[in-house]
Amino acid sequence: MLVTKIVDFISSQALNKRKFDALLDENNSVYNGLLMYNNVRWLSHGNVFQKFADRLEEIRLILQNESKIEQYPQLMDITSFITHWNPDIVNLQETHLQPCHNFTFPDYNIYRTDRTYRGGGTAIMIKRSIPHHQIIINNNSFETTAIKLNRQNDLPVTIVSAYRPPRKPIAVQDLHQIFRNQGHVLVAGDLNAKHASWSPLTQQNTPGNIIRRFCDSTGYSLNAPPEPTCFRRSYRSTTIDIAICKGMTVTDYSSISELSSDHNPVLFEVSLDNFTSPALVLTLFLTGTNSRKYLLTPYQEIQEFPTQST
């Protein structure tokens with residue numbers, strides 16, 4: 001498995017181990033070395049996994065230095081993307097995670113709404129430095145994960161990661177329910193909604209018409225990049241990853257051609273007061289049906305770890 005191979009590559013060869021330790025020293029890391037995985041001794045899988053996650057950036061560097069990085073493209077995809085763009089918030093849909101799966105990322109709090117059966121799921125990653133708390137929004141039309149950003153002497157901002165499965169009907173009252181009694185709201189995600197106003201090259205569908213009429217009647221802004229966000233061989237490229245805003249201003253948005261998913265990440269920049277920077281950067285990381293390989297890689301071996309009593 002992936003984690004085992006990389007740990008063995010670094011730890012089982014004396015030269016690589018010395019190089020890795022030197023790299024940790026050079027980066028002033030508070031950590032040292034990696035645990036070896038051993039079937040006989042059965043070292044704690046959880047410890048191997050946690051040490052791997054804690055040293056992820058140094059692992060990426062040594063693989064790059066040793067020209068091994070191309071052997072593990074999935075391992076570095078999401079790590080490199082988040083490291084490069086440094087988003088404040090990441091909205092994820094179709095996570096395909098279940099409660100038994102572990103998913104962590106340095107310096108981010110992660111909130112998830114998992115399915116107990118295959119597919120779907122939503123999540124939000126947010127920098128720990130941003131004051132916030134999780135809220136629960138139950139909705140019949142969408143799978144959601146939501147947080148509120150706490151703003152000193154001002155109304156909070158609600159961020160919702162939303163996913164609508166392609167065959168699930170959408171009811172306008174469910175859209176109203178998300179925005180009701182909220183001053184500032186940003187709902188962003190894979191809504192599987194098509195309309196000529198944001199996806200002119202594809203045929204409109206009923207959810208797209210409902211969302212368009214909803215935004216027109218409420219005055220909420222609908223934001224979508226001019227470039228397609230979803231790419232599939234058997235269909236035309238479409239824009240189905242969008243954001244609906246209430247009481248906020250989206251200053252920029254773009255579909256970013258990175259990651260090897262059938263969905264491009266979509267970067268939104270949102271103007272907010274009382275933050276240390278003039279804009280809060282919200283990145284929607286949308287990976288379609290392949291997202292689990294990014295969320296559980298390099299962590300995917302956790303699926304095979306036995307549950308430990310605490």
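Here are four short exercises on a predicted model, each with a worked solution.

**Exercise 1. Find Leu191 and work out whether Leu191 is buried or exposed.**

Step 1: Start with the chain. Leu191 sits in the loop between β7 (184-190) and α7 (206-218).

Step 2: Check the accessibility. Leu191 has a relative accessibility of 2%. Buried means under 20%, so Leu191 counts as buried.

Step 3: Look at who is around. Skipping neighbours within four places in sequence, Leu191 touches Phe142, Ala162, Arg164, Ile211, Ile240, Ile242 and Ile244.

Step 4: Compare sequence with space. Leu191 and Asp241 are 50 residues apart in sequence, but their C-alpha atoms are 6.3 Å apart.

**Exercise 2. Describe the largest pocket: what is its volume, and how does its lining divide into nonpolar, polar and charged residues?**

Step 1: Take the volume, which is about 560 Å³ for the largest pocket.

Step 2: Go to the lining. It has 27 residues, and Pro166, Arg167, Asn192, Lys194 and Arg232 are the closest to the pocket's centre.

Step 3: Sort the lining of the largest pocket by type. You get ten nonpolar, eight polar and nine charged residues.

**Exercise 3. Classify two aromatic pairs, Phe105 with Tyr108 and Tyr253 with Phe268.**

Step 1: Know what to look at. A pair of aromatic rings is described by the distance of the centres and the angle of the planes. The count for this model comes to five aromatic pairs.

Step 2: Try Phe105 and Tyr108. Their centres are 5.9 Å apart, with 75° between the planes. Over 60 degrees counts as edge-to-face, so that is the label for Phe105 and Tyr108. Both Phe105 and Tyr108 are buried.

Step 3: Now Tyr253 and Phe268. Here it's 6.1 Å centre to centre and 45° between the planes, so the pair is tilted.

Step 4: Place this pair on the chain. Tyr253 belongs to strand β10 (residues 249-255) and Phe268 to strand β11 (residues 266-271), 15 residues apart. Tyr253 is partly exposed at 29% relative accessible area, while Phe268 is buried at 0%.

**Exercise 4. Asn86 and Glu94 each have a positive phi. Where do they lie, and is each one buried, partly exposed or exposed?**

Step 1: Recall the background. Most residues other than glycine have a negative phi.

Step 2: Take Asn86, with a phi of about 50°. Asn86 is in the loop between α5 (73-85) and β1 (89-93). With a relative accessible area of 44%, Asn86 is partly exposed.

Step 3: Take Glu94, with a phi of about 50°. Glu94 is in the loop between β1 and β2 (108-113). With a relative accessible area of 6%, Glu94 is buried.

Key:
Residues numbered from 1 in each chain as written. Predicted model: local features only at pLDDT ≥ 70, side-chain atom pairs only at ≥ 80, totals over all residues. Heavy atoms only, no water. Helix = DSSP H or I, 4+ residues; strand = E, 2+ residues; numbered from the N terminus. Buried < 20%, exposed > 50% of the residue type's maximum accessible area, 1.4 Å probe, protein only. Contact = heavy atoms within 4.5 Å. 1 Å grid on protein atoms, 1.4 Å probe; cavity = no way out; pocket = protein on both sides within 12 Å on 5 of 7 lines; lining within 4 Å. Points joined across faces, edges and corners; volume = space filled by probe spheres on them. Nonpolar A, V, L, I, M, F, W, Y, C, P; charged D, E, K, R; others polar. Phe/Tyr/Trp six-rings, centres within 6.5 Å; stacked < 30°, edge-to-face > 60°.
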